[in-house]
Amino acid sequence: QVQLEESGGGSVQAGGSLRLSCVARGYSYKAYYMAWFRQLPGKEREVVAGFYIEDGTTDYADSVKGRFTISRDNAMNTVHLQMNNLKPEDAAMYYCAAGPPSLRWLGTWRDMTQYKSWGQGTQVTVSS
């Protein structure tokens, strides 16, 4: 099972940017559908963006389209989430997740129960 480790969280003002990174260890991340989720205390974890590594297809939640970009670094087995024009409502704990490639064509990439591997999370704080 792949191990995931996130980094890059921090505190920014509204309108600022952050870049999150997720390193996959123990297995090539190309065998998975990779995604970023976020969660506020007491709230359900929600998907932010997904990446089907095999063909480079990306998916985004409506709330982040045009502001967030998910990308890969094959040499480093890493998936990045570039977050621009951050808003206070983007503040959350962000998690990296890996699931089966079938999530893409089944259209179930938003369902957190479909992901078997998770990182420990990285905190993002946005002040207004």
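The following paragraphs lead through the nonpolar cores, the strand pairing, the aromatic pairs and the salt bridges of this structure. The model is predicted, and every value below was computed from it.

A natural starting point is the interior. The largest nonpolar core has 30 residues. Within this core, Met-34, Trp-36, Leu-81, Met-83 and Tyr-94 touch the most other members. Several strands contribute to the core: β3 (18-25), β4 (33-39), β5 (46-52), β7 (68-73), β8 (78-83), β9 (92-99) and β11 (122-127) each supply at least two of its residues. A second core, separate from this one, contains nine residues, among them Phe-37, Leu-103, Trp-109 and Tyr-115.

Strand β9 deserves attention next. Of its eight residues, seven are buried, so this strand is largely enclosed by the rest of the structure. Its pairing with other strands can be followed one partner at a time. With β4, strand β9 pairs in the antiparallel sense over seven bridges. One position in this pairing is Tyr-33, whose bridge partner in β9 is Gly-99. Strands β9 and β11 also run antiparallel and are joined by three bridges; here Ala-92 stands opposite Val-124 in β11. Finally, two bridges join β9 to β10, again in an antiparallel arrangement, and Ala-98 stands opposite Ser-117 in β10. When strands of this kind are traced residue by residue, a general rule is helpful. In a regular strand, side chains alternate between the two faces of the sheet.

The aromatic residues form another theme. A search of the whole structure finds five aromatic pairs. In one of these, the ring centres of Phe-37 and Tyr-115 are 5.1 Å apart and the ring planes stand at 80°, so the pair is edge-to-face. The step from angle to name rests on a cut-off: planes over 60 degrees apart count as edge-to-face. This pair links distant parts of the chain, since Phe-37 belongs to strand β4 while Tyr-115 lies in the loop between α1 (102-106) and β10 (117-118), 78 residues apart. Both Phe-37 and Tyr-115 are buried.

A further pair is formed by Tyr-95 and Trp-118. Their ring centres lie 6.5 Å apart with the planes at 80°, so this pair is also edge-to-face. Tyr-95 is in strand β9 and Trp-118 in strand β10, so the contact ties together parts that are 23 residues apart in sequence. How buried or exposed are the two partners? Tyr-95 has a relative accessible area of 13% and is therefore buried, whereas Trp-118, at 26% relative accessibility, counts as partly exposed. The cut-off behind this distinction is that buried means under 20% relative accessible area.

These two pairs belong together, for Phe-37, Tyr-95, Tyr-115 and Trp-118 form one aromatic cluster. A charged residue accompanies the cluster. Arg-45 lies over the face of Tyr-95, at 3.7 Å from the ring centre, and also over the face of Trp-118, at 4.7 Å from the ring centre.

Charged residues also meet one another. Six salt bridges are found in a search of the whole structure. Glu-5 forms one with Arg-25, the closest N and O atoms being 2.7 Å apart. This salt bridge links distant parts of the chain, with Glu-5 in strand β1 (residues 3-7) and Arg-25 in strand β3, 20 residues apart. Glu-5, at a relative accessible area of 41%, and Arg-25, at 43%, are each partly exposed.

Where does Arg-38 lie, and which residues meet its side chain in salt bridges? Arg-38 is buried, with a relative accessible area of 6%. Its side chain meets that of Glu-46 in a salt bridge of 2.7 Å, N to O; Glu-46 is partly exposed, at 39% relative accessibility. The side chain of Arg-38 also forms a salt bridge with that of Asp-90, at 2.9 Å from N to O. Because Asp-90 is in the loop between β8 and β9 and Arg-38 is in strand β4, this pair ties together parts that are 52 residues apart in sequence. Asp-90, like Arg-38, is buried. These contacts belong to a network of salt bridges that links Arg-38, Glu-46, Arg-67 and Asp-90.

Key: Residues numbered from 1 in each chain as written. Predicted model: local features only at pLDDT ≥ 70, side-chain atom pairs only at ≥ 80, totals over all residues. Heavy atoms only, no water. Core = buried A, V, L, I, M, F, W, Y, C linked by side-chain atoms within 4.5 Å. Buried < 20%, exposed > 50% of the residue type's maximum accessible area, 1.4 Å probe, protein only. Helix = DSSP H or I, 4+ residues; strand = E, 2+ residues; numbered from the N terminus. Phe/Tyr/Trp six-rings, centres within 6.5 Å; stacked < 30°, edge-to-face > 60°. Lys NZ or Arg CZ within 6 Å of the ring centre and 35° of its normal. Pairing = 2+ DSSP bridges. Salt bridge = Lys/Arg side-chain N within 4 Å of Asp/Glu carboxyl O.
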